[in-house]
Amino acid sequence: MCFSAALALPLLPNLEKNSANCTSNCSGKDEDSNKGQSVKLSLPAYKWRLVIAYDGTRFSGWQYQQSTPTVQCILEEALTKKTKINRKELCLVGASRTDAGVHAWGQVAHFITPFNYETLDGVHRAVNGLLPSDIRVREFSPAGPEFHARFSVTSKIYCYQVYNSTIMDPFLRHYAYHSEYKLDADVMRYAAKHFVGKHDFSAFANTSRNDRVPNPVKTILRFDVVEKGPLLRLEVEGSGFLYRQVRNMVALLLQVGRQAVPPDIVVRVLESRDRKELAKYTLLLPPHGLSLETVKYNEEHLILPTDSPASSFGRHHSISKCKVLFV
């Protein structure tokens with residue numbers, strides 16, 4: 001069970017109490033649009049960067065909740081057991097608040113400790129040993145005071161998978177949406193180009209659960225439709241995304257691929273800036289086809305501190321050779 005906020009201890013005195021390092025995930029709010037100045041820690045304090053993969057099938061998303069299992073909740077429990085530090089003091093912050101049922105290969109998070117590590121291989125292995133098999137820390141690295149898992153982001157890459165065949169592959173049923181309609185990938189690619197650039201994506205955003213209104217203007221850097229046999233991978237990279245924006249964009253492209261609507265419908269819906277306009281043509285796609293693939297960062301914020309240990313990417317076991325004495 002997740003830790004109750006009522007049991008949390010005060011923040012460490014050597015950290016800035018009003019630091020934005022805790023605002024997103026400890027407060028239960030997160031928006032891609034809130035990219036601001038990175039916040040420096042008052043030393044001594046040490047920051048650590050994690051790259052995390054998870055199968056989101058059984059989780060209620062990334063964001064910490066007291067009543068339902070979330071990825072942040074489970075990860076905080078593992079870190080608390082290993083470091084003996086309360087979750088409020090760890091101040092775990094994720095790059096993206098993935099929704100319930102959404103997967104991740106490249107989620108990024110940071111947390112804080114009042115002590116340094118000499119090496120990271122041991123703690124990396126220990127944390128993974130405390131996690132369930134559907135969550136894994138792929139990389140455990142030191143981070144400088146400038147780095148912030150959310151505010152240092154320059155772009156994110158999401159992928160939505162669609163299995164386009166008359167019969168669904170049972171091995172992909174949790175990771176791809178099944179479309180029995182024959183899809184025209186070339187037409188979908190053409191329509192996807194209309195998303196690229198800086199636009200107001202109000203028409204593609206569901207009502208956010210946050211009490212702050214996000215900036216609807218986002219920049220899409222690329223939107224690719226990749227065919228791998230019957231599997232279509234719709235990969236989109238952007239400066240940030242509104243609540244359920246990716247799933248809504250892909251939903252409209254599937255309608256284009258089925259030839260139910262023309263490719264220029266994307267422009268028409270974008271210009272309307274009205275979610276009701278999109279609802280005339282398609283419904284929201286389910287979450288299980290979506291995955292957070294990569295989070296890209298300001299390179300200057302990835303510079304490692306001079307006194308830091310080497311990053312850990314896991315290590316292979318080795319068999320010790322023993323000498324056999326022959327008589």
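Select Arg 138 and Trp 105: the charged end of Arg 138 sits over the ring of Trp 105, 3.8 Å from the ring centre. A charge is taken to sit over a ring if NZ of Lys or CZ of Arg is within 6 Å of the ring centre and within 35 degrees of the ring normal. The model is a predicted one, in which local features need pLDDT of at least 70 and side-chain atom pairs count only at pLDDT 80 or more, while totals for chains, interfaces and linings use all residues. Residues are numbered from 1 along each chain as its sequence is written, and side-chain values use heavy atoms, with hydrogens and water left out.

Next, select Tyr 64 and Arg 87. Arg 87 lies over the face of Tyr 64, at 3.6 Å from the ring centre.

**Aromatic pairs**

Now show the rings of Trp 48 and Tyr 117. Rings of Phe, Tyr and Trp (its six-membered ring) pair if their centres lie within 6.5 Å; planes under 30 degrees apart count as stacked, over 60 as edge-to-face and the rest as tilted. The structure has 11 aromatic pairs by this rule. In the pair Trp 48 and Tyr 117, the ring centres are 5.2 Å apart and the planes stand at 65°, so the pair is edge-to-face. Trp 48 belongs to strand E1 (residues 46–54), and Tyr 117 to the loop between E3 and helix H4 (121–130), 69 residues apart, so the pair links distant parts of the chain. Helices (H or I, at least four residues) and strands (E, at least two) are DSSP runs, numbered from the N terminus. Both Trp 48 and Tyr 117 are buried; the term buried means under 20% relative accessible area, exposed over 50%, and partly exposed in between (1.4 Å probe, protein chains only). Extend the selection to Phe 111, Phe 115 and Phe 140, which form one aromatic cluster with Trp 48 and Tyr 117.

Stay in this part of the tour for Glu 139, in strand E4 (residues 135–143). Glu 139 counts as buried, at 14% relative accessibility. Draw a distance from its C-alpha atom to that of Gly 106: the two are separated by 9.7 Å and lie 33 residues apart along the chain.

**Salt bridges**

How many salt bridges does a search of the whole structure find? There are 15, where a salt bridge is a side-chain nitrogen of Lys or Arg within 4 Å of a carboxyl oxygen of Asp or Glu.

Select Asp 99 and Arg 247, which form a salt bridge with their closest N and O atoms 3.5 Å apart. Asp 99 lies in the loop between strand E2 (93–94) and strand E3 (103–113), and Arg 247 in helix H6 (residues 245–257), so the pair ties together parts that are 148 residues apart in sequence. Asp 99 is buried at 11% relative accessibility, and Arg 247 is buried with a relative accessible area of 6%.

Move to Arg 189 and Glu 227, whose side chains meet in a salt bridge (3.0 Å, N to O). Arg 189 is in helix H5 (residues 185–192) and Glu 227 in strand E8 (residues 217–228), 38 residues apart. Arg 189 is partly exposed at 27% relative accessibility; Glu 227 is partly exposed too, with a relative accessible area of 46%.

Then pick Arg 233 and Glu 293, a salt bridge with the closest N and O atoms 3.5 Å apart. Arg 233 sits in strand E9 (residues 231–238) and Glu 293 in strand E10 (residues 290–297), 60 residues apart. Both residues, Arg 233 and Glu 293, are buried. Add Arg 222, Asp 224, Glu 235, Glu 237 and Lys 296 to show the salt-bridge network that links them with Arg 233 and Glu 293.

**Helix H6 and helix H7**

Switch to cartoon and select H6 with helix H7 (residues 265–272). Their axes come within 10 Å and cross at roughly 150°. Axes are lines fitted to C-alpha atoms, for helices over the stretch in contact, and angles run from 0 to 180 degrees between N-to-C directions. H6 is therefore roughly antiparallel to H7, on a scale where angles under 35 degrees count as roughly parallel, over 145 as roughly antiparallel, 65 to 115 as roughly perpendicular and the rest as oblique.

The loop between H6 and H7 holds Gln 259. Gln 259 has a positive phi of about 65° although it is not a glycine, and is exposed, with a relative accessible area of 59%. Last, select Arg 273, in the loop between H7 and helix H8 (275–279). Arg 273 is not a glycine either, yet has a positive phi of about 55°; Arg 273 is exposed at a relative accessible area of 55%.
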